[in-house]
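Colleague: Could you take a close look at one part of this model for me, the surroundings of the ligand? Follow the packing outwards from there if it helps.

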Amino acid sequence: MQRNHPSAVLDPTDPTDLTDPADATDPPSVCPAQLLAASARSAATPAALVGDTPVLWVGQPFTSAGRGFWAKLEGHNPGGIKDRTALYMVAAARERGALPPGARIVESTSGTLGLGLALAGIAYGHPVSVVTDPGLEPQVAGLLRAYGAEVHTVRTPHPEGGWQQARRDRVAELLAAHPDAWCPDQYHNPDNVAAYRPLARELVAQLGRIDTLVVSVGTGGHSAGVGRVLRAFFPTLRVVGVDTCASTIFGQPAGARLMRGLGSSIHPRNVAYDLFDEVHWVAAPEAVWAARALARTRYATGGWSVGAVALVARFLARTSPAEERIAAVFPDGPHRYVSTVFDDDYCRAHQLLGRRPADDPDEIARPDQAVVTRWTRCRTVTDPLSAAPDAGSPDLAGAVR
Ligand SMILES: Cc1ncc(COP(=O)(O)O)c(C=O)c1O
């Protein structure tokens with residue numbers, strides 16, 4: 001690992017970042033001018049606070065001796081990673097005339113995009129309606145209302161399409177009731193990919209060289225946007241997708257899912273299948289273990305997707321050559337998961353505790369080789385729709401996305 005990384009990754013107020021013996025492989029060299037450049041910024045609007053998030057080295061004891069990875073801390077955005085795409089999609093729709101001044105924004109979301117759209121609504125002067133399901137954390141629903149958004153919660157899953165279809169049906173009703181309204185449609189809107197190009201450029205500026213990118217996949221937006229730009233910089237880049245068990249995105253059958261954010265019960269067209277070298281499916285107890293271990297050892301943590309991404313990045317750091325530089329995107333921070341991932345009663349009720357993941361994932365040769373129920377790796381990635389055009393996986397009524 002080189003020692004001359006830009007200082008934006010170091011906290012100048014925290015001398016332990018430079019002296020922690022557990023991080024002997026960290027890049028501690030730093031010059032005062034770089035510290036000044038990284039120390040503070042001013043913003044005239046809340047939207048201007050989006051982006052330029054820090055990266056943090058995650059080393060021992062979360063990882064094994066002498067190994068580690070860089071975490072891009074998107075929880076440092078006002079709402080989370082989706083602030084980037086919310087602002088971008090809204091600005092593009094206004095530019096195209098699809099979203100007239102003052103018209104309503106209506107979207108189905110499991111939370112993070114809702115927070116971003118609330119921010120975009122304030123920034124551009126649009127009312128926002130968010131359609132969600134009972135799985136949304138009450139804290140997030142409360143925050144969305146505080147930010148001025150209307151929160152519509154569907155109460156029963158669609159008999160075939162689950163909660164996701166029920167939410168989409170409610171979005172259609174709201175759009176019909178507000179003829180001027182616009183729906184970003186984050187699953188299929190190409191602006192949800194383009195919005196993440198700056199994130200990739202930030203990583204290049206912060207890390208210089210990247211060999212492996214580890215990214216969670218829900219709509220496919222940030223993996224496609226970041227992955228494409230990084231591959232252009234680094235043609236041999238390895239892109240590793242992280243999904244949940246019982247998600248259809250990479251060709252597993254749909255099932256009930258506890259984890260939110262990553263995973264899906266549909267096949268979003270924003271997923272850049274050609275970009276991925278491998279996919280890992282992670283189960284909820286494994287993500288909880290990693291999110292909690294990260295919190296204890298590195299302070300910077302998050303929820304389901306951060307736990308899953310960190311678990312996979314930790315494994316890749318241990319099993320790759322020491323000089324391999326790994327960047328992992330942490331989509332948000334820990335706060336909204338206080339009543340789930342970090343709540344002992346919730347975790348006990350869902351049998352999520354006391355199950356330390358294996359050091360290595362199971363491995364299957366093709367996504368349809370087996371239905372996976374624990375951490376599993378597959379180094380063949382195909383688009384389930386082009387592999388078998390009529391292979392729609394039945395969506396279970398309990399699916400959450
Ligand atoms: C917390 C969290 N992690 C990961 C993701 C997946 O990101 P993407 O939709 O860009 O694939 C999302 C998407 O909603 C999210 O909210």
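Modeller: Here is a walk through the ligand shell, followed by the helix packing and two backbone oddities.

First, a caveat: this is a predicted model, so to speak of a local feature I need pLDDT of at least 70, side-chain atom pairs count only at pLDDT 80 or more, and totals for chains, interfaces and linings use all residues. Numbering starts from 1 along each chain as its sequence is written.

Now the shell. There are 16 residues around the ligand, and Thr-112, Gly-218, Thr-219, Gly-261 and Ser-305 come nearest (near means that the C-beta atom, placed from the backbone, lies within 6 Å of the molecule). Two elements give two or more residues each, helix 4 (112-124) and helix 9 (221-233); helices are DSSP runs of H or I with at least four residues, strands are runs of E with at least two, and both are numbered from the N terminus. Helix 9 gives the most, three residues. By type, the shell splits into four nonpolar, eleven polar and one charged (Ala, Val, Leu, Ile, Met, Phe, Trp, Tyr, Cys and Pro are nonpolar, Asp, Glu, Lys and Arg charged, the others, Gly among them, polar). Both domain 1 (7-29 + 41-78 + 192-387) and domain 2 (82-177) give residues to the shell, so the ligand lies between them; the bounds come from an automatic or database domain assignment.

Helix 4 also packs on helix 3 (residues 82-96), at an angle of about 45 degrees and with the axes 8 Å apart. Axes here are lines fitted to C-alpha atoms over the stretch in contact, and angles run from 0 to 180 degrees between N-to-C directions. That makes helix 3 oblique to helix 4 (under 35 degrees is roughly parallel, over 145 roughly antiparallel, 65 to 115 roughly perpendicular, the rest oblique). The residues of this contact divide into ten nonpolar, three polar and three charged.

Helix 10 (residues 284-298) and helix 11 (residues 304-319) have axes that come within 7 Å and cross at roughly 85 degrees, so these two are roughly perpendicular. Their contact residues comprise ten nonpolar, one polar and one charged.

Lastly, the backbone. Most residues other than glycine have a negative phi, and most peptide bonds are trans. Asp-52, not a glycine, has a positive phi of about 50 degrees, and sits in the loop between helix 2 (32-39) and strand 1. The peptide bond from Gln-60 to Pro-61 is cis, omega near 0 degrees, with Pro-61 in the loop between strand 1 (55-58) and strand 2 (69-73).
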